[in-house]
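Subject: Structure handover

Hi,

Here is the structure I promised to pass on. Please open it first, then read my notes below with the view beside you.

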Amino acid sequence: MTSLLARRPRGIGWLAFITALVFVLPPALGSDWDSVGTQAAIWAMAAIGLDLMWGLAGHASLGQQGFIALGAYAVAVVTVKWGWGVQAALVVSVLVAAVAALAIGWIALRLKEIYLALATLGFGLMIPTILLALEYTGKATGLYGIPGIPAGDHMLNARQLYLLFWGIALVMVVLSLRVRYSMTGLSWRVFAHNQDVAESCGVNTVREKRKAFAVGAGLTGLAGGLYAVSSSAVSPATFSLHIVLILLVAVVVGGKGTIVGPVVGAMGVSVALLYSSKLGGLTDVVFGLGFVLALKVVPGGFVQTVQRVAGGLRPRRQDTAHAPAVAPVDEATAPAAHATDHVRRAAPTGDPVLTIQGVSKNFRGVIALSDVGLEVRPGEIHGIVGPNGAGKSTLLAVVSGLIHPDAGHVTWKGQELTRMPAWRRASTGLARTFQTPQLVTDLTVRENVALGLYMSVGKGLVRGVVGRERARLNATSETVLAVLDRLGLAHIAELECSELSFGQLRLTEFARCLVREPGLLLLDEAASGLDQAEKALLVDEVRKLADAGTTVCLIEHDTDLVARVCDNVTVLDAGVVLARGTGDEIFRNASVQASYMGGRDLNGRSGITPTADAEAMALDAHDLVVEGERVAD
Amino acid sequence: MYQQALISGIALGVAYGIMGLGFTLIYRSTRVLNLAHGAVVMGVALTLTRWNIGNPVVRVLAGVALGVVGMAVVHLVFMRPFSGALPITRLSALVGAMFAAGGIAQKVFGTESYILKPLAEGHFTMPLLGGRASTHEMISLVGVLVVVVALSVFFARSLPGKSLRAIADDEAGARLVGIRTEFALLGGSMLAGGLAGLAAVIVAPQVGVSFLSGFDWTLVAVTTAVVGGITSEWGALAGGLVVGIAQGIMLVKAPQWFLTIEFGILILILAFRPEGLFGGEPAVEGAR
């Protein structure tokens, strides 16, 4: 069985390529290249740090020189001033940078991405000015006399230092690749693009962002520490904004988010820096313009471009190897599918498990929900219908925790959900889809669906790196493939979501919920955009889930489908509950027809007496007011 | 002592305010943090030191014209090609622009620092406050106030101003109602460029200019804009005064912390009042 997150983790070939370059090239070129190679290793480590923060977790830092400076000065202070050993000093350099990152993260990770970039920019520029002002760190002179790395009774020479640094860098590459292909890495790549999806799958995005930031900064700090060791002196002027540009170039030109790309980029940058000294003042011009050109022309970077070109030469296995597991049902056979699902299920009994009471939500004066009440029984399929703008999606967002209501309560299986953060609701069995399918377009179908297993797969960062998570992932990948197979998506499992049709996107998102075997499933516009065959599949799966005890709430505009599938239906209009009852009752209700179907019922007749009065249906309001509260923490 | 610190702080603050103003102007229409703003100010200031124009009015006009052209180039080369990209990509492209400009300036003007001729010679003693101010600083203060008033009227009343606000809110929507967004955005950038040119003739006589000034001034503009609340004209001016006065005091009390205080203010504001001291759009994610 292949691994869950990629058929064959990319990067192994590149790792071999880098290793070969490192251990063959500079020794062959002669000892002059040792120091260049050592510099390259330091750049590579810092670039990996930035790639973890930016490429994987989506938060660019423009203050990497701050973390490098902290790492370098930590080593300098600890060895020169305190007389500790170099090894201990390097550990300190990692910790100092990571702690600084946590502090910056505490300040800025709750801000919009762009403000975070500003905060890191300020941080990176501030650190050298502090070092410049402090007597303790030697002001502008800095600190010198940092010992080398001892090996027995002598210090490592330049060649040995080069080999050691690249050894460390390569270990870093391997560990970072393991992070990338772990469940934690997957969750980072998802929230980098779409925070709501990650939260709805149970990812505590705030904590994970901090983690990614601290880990990336820690590696960057280590790069700084090793720089101090290799140069034996540190001074504030070294840590200028140029470091940021060089690292941005390494990451973007090499291939953001690939880990190996930035390492290749760092090697290229080191060589370019060597030759650019001949350009005089034009180094910045070449780097600056070259960077912008790379951003525009090869946004995927060197590594991804090579992969794409190589991939284009090979025929696409996934497209041809598997026939679709479920043959597309054409229109002629579709009615048959309808006929079989026309058997009415027994109405679910039992006490309501999902209770919504008096929920109101107001968006800057626009009333989206006003005193909405709803009760759903275990195993019930509950339809929510109403015209556009009726508040259906807002109601679902309130239940799933992406929006906090101004007033009212939501309880699920006796637990008060109202103020619970969205990610925590996933552990109570809640899963949802979105009105427009929310998938990360540059991840494969399989990877997107795999995030649904976030709650059940061991997801710790450390476990992902050193543990046997891969074995567990292999076992659970059966689950993913089985679900994809059931939904007729097995043949596109390895395609990126940017290549899918709308219906396939919708089913993929449904699959992400299915793999979790949810207790409460919320489907927003469950079937819109699906063809007849896909609708039949969906209906079938929803029924199976409900029979197995899952409670389902679905928003859908296909009234025929709602009438057939749903045990009960609630009609919303302008944020209030207009009517509630079985599908048959509802679609014969005159006020529903008036608001939703332009005054005509399903058979084109009009003017049937309302069975229920909207006023009487609404539940009592609870005067709970939550204002301006943050959704996720 | 402190009166002098206050006066030189206000003088700095006025110059900072006009930089922040140009910076917020581009943010308001494009949602891009224009990290090349300081570079344009630097480019204008360095060019003017070469041209050596005697008449101050002509110098101001030349500065404004240079700024307009410079920012148009930045817009066409570093902003428009990335108009559909992620915010962070757009920001990165401007990092590239900032360095490219610094590199070109170093090649053309070398590493020396130049002082631009002030708008007027002479000093006088401030009434009430005591302490000495230069005529240049007074003219600048009045000039900047006029510009801020004009800009608030422009955004509140005029059609082009409203168009820019509409684009900031919803670019596709603005296009649908018939606003030629590409044209309008270029116009917005050129307006910001004019302000950058104005900033150059104000600030370069006070603190001098070298190829490194672009970085410093971009950071000044960023800090000023964040302190003031990134979408407000008066906020930008007030933010400039806060940063300028803080630095003025530092110059007197502890000059080695002169730069640290600026970055410290930036981080503290982002930490505790990310929407700025004087209101502005919320900078916090997820609050719905």
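**Two loop residues with positive phi**

K139(A) counts as partly exposed, because its relative accessibility is 33%. Keep in mind that this is a predicted model. Find K139(A) in the loop between α5 (113-133) and β1 (143-144) of chain A. Its phi is near 45°, a positive value in a residue other than glycine.

Chain B has a residue to look at in the same way. R31(B) sits in the loop that joins α1 (2-30) to α2 (37-51) of chain B. Phi of R31(B) is near 60°, again positive, and again the residue is not glycine. Is R31(B) buried, exposed or partly exposed? R31(B) counts as partly exposed, because its relative accessibility is 31%.

**A buried serine**

Now go to S61(A). This serine lies in the loop between α2 (33-56) and α3 (64-81) of chain A. S61(A) has a relative accessible area of 1%, so it is buried. What does its side chain reach? The side chain of S61(A) comes to 3.1 Å from the backbone nitrogen of G63(A). Leave out residues up to four places away in sequence, and S61(A) touches L50(A), M53(A), F67(A), T120(A) and F213(A).

**An enclosed helix**

Next, colour helix α16 of chain A, residues 392-400. How many of its 9 residues are buried? The count is 8, so the helix is largely enclosed by the rest of the structure. The buried residues are K392(A), T394(A), L395(A), L396(A), A397(A), V398(A), V399(A) and S400(A). Note that a lysine, K392(A), is on that list. Just after α16(A) comes G401(A), which takes a positive phi of about 90°.

**Cysteines without partners**

How many disulfides does a search of the whole structure find? It finds 0 over all chains. Take C201(A) as a case. The closest cysteine sulfur belongs to C513(A), and it is 7.1 Å from the sulfur of C201(A), so the two are too far apart for a bond. For comparison, a disulfide needs the two sulfur atoms within 2.5 Å. C201(A) counts as buried, because its relative accessibility is 2%.

C497(A) is in no disulfide either. The nearest cysteine sulfur to C497(A) is that of C201(A), 13 Å away. C497(A) also counts as buried, because its relative accessibility is 2%.

**Where the chains meet**

Last, show both chains together. Here 46 residues of chain B are in contact with 45 residues of chain A. The two chains bury about 4300 Å² between them. Of that area, 74% is on carbon and sulfur atoms.

Which elements of chain B give two or more residues to the side that touches chain A? They are α4 (87-109), α9 (213-228) and α11 (258-272) of chain B. α4(B) gives the most, with 16 residues. By class, this side of chain B has 33 nonpolar, 9 polar and 4 charged residues.

What about polar links across the interface? Between chain B and chain A, 2 residue pairs are in polar contact, counting pairs with both residues at pLDDT 80 or more. The rule finds 0 salt bridges across this interface.

Best wishes

Technical notes:
Residues are numbered from 1 along each chain as its sequence is written. Chains are lettered from A and ligands numbered from 1 in the order in which they are written. This is a predicted model: local features need pLDDT of at least 70, side-chain atom pairs count only at pLDDT 80 or more; totals for chains, interfaces and linings use all residues. Side-chain values use heavy atoms; hydrogens and water are left out. Buried means under 20% relative accessible area, exposed over 50%, partly exposed in between (1.4 Å probe, protein chains only). Helices (H or I, at least four residues) and strands (E, at least two) are DSSP runs, numbered from the N terminus. Contact means heavy atoms within 4.5 Å. Buried area is the accessible area (1.4 Å probe) that two parts lose on being put together, summed over both. A salt bridge is a side-chain nitrogen of Lys or Arg within 4 Å of a carboxyl oxygen of Asp or Glu. A polar contact is a pair of N or O atoms within 3.5 Å; within protein, one must be able to donate a hydrogen and the other to accept it, and residues adjacent in sequence count only if both atoms are side-chain atoms. Ala, Val, Leu, Ile, Met, Phe, Trp, Tyr, Cys and Pro count as nonpolar, Asp, Glu, Lys and Arg as charged, and the others, Gly among them, as polar.
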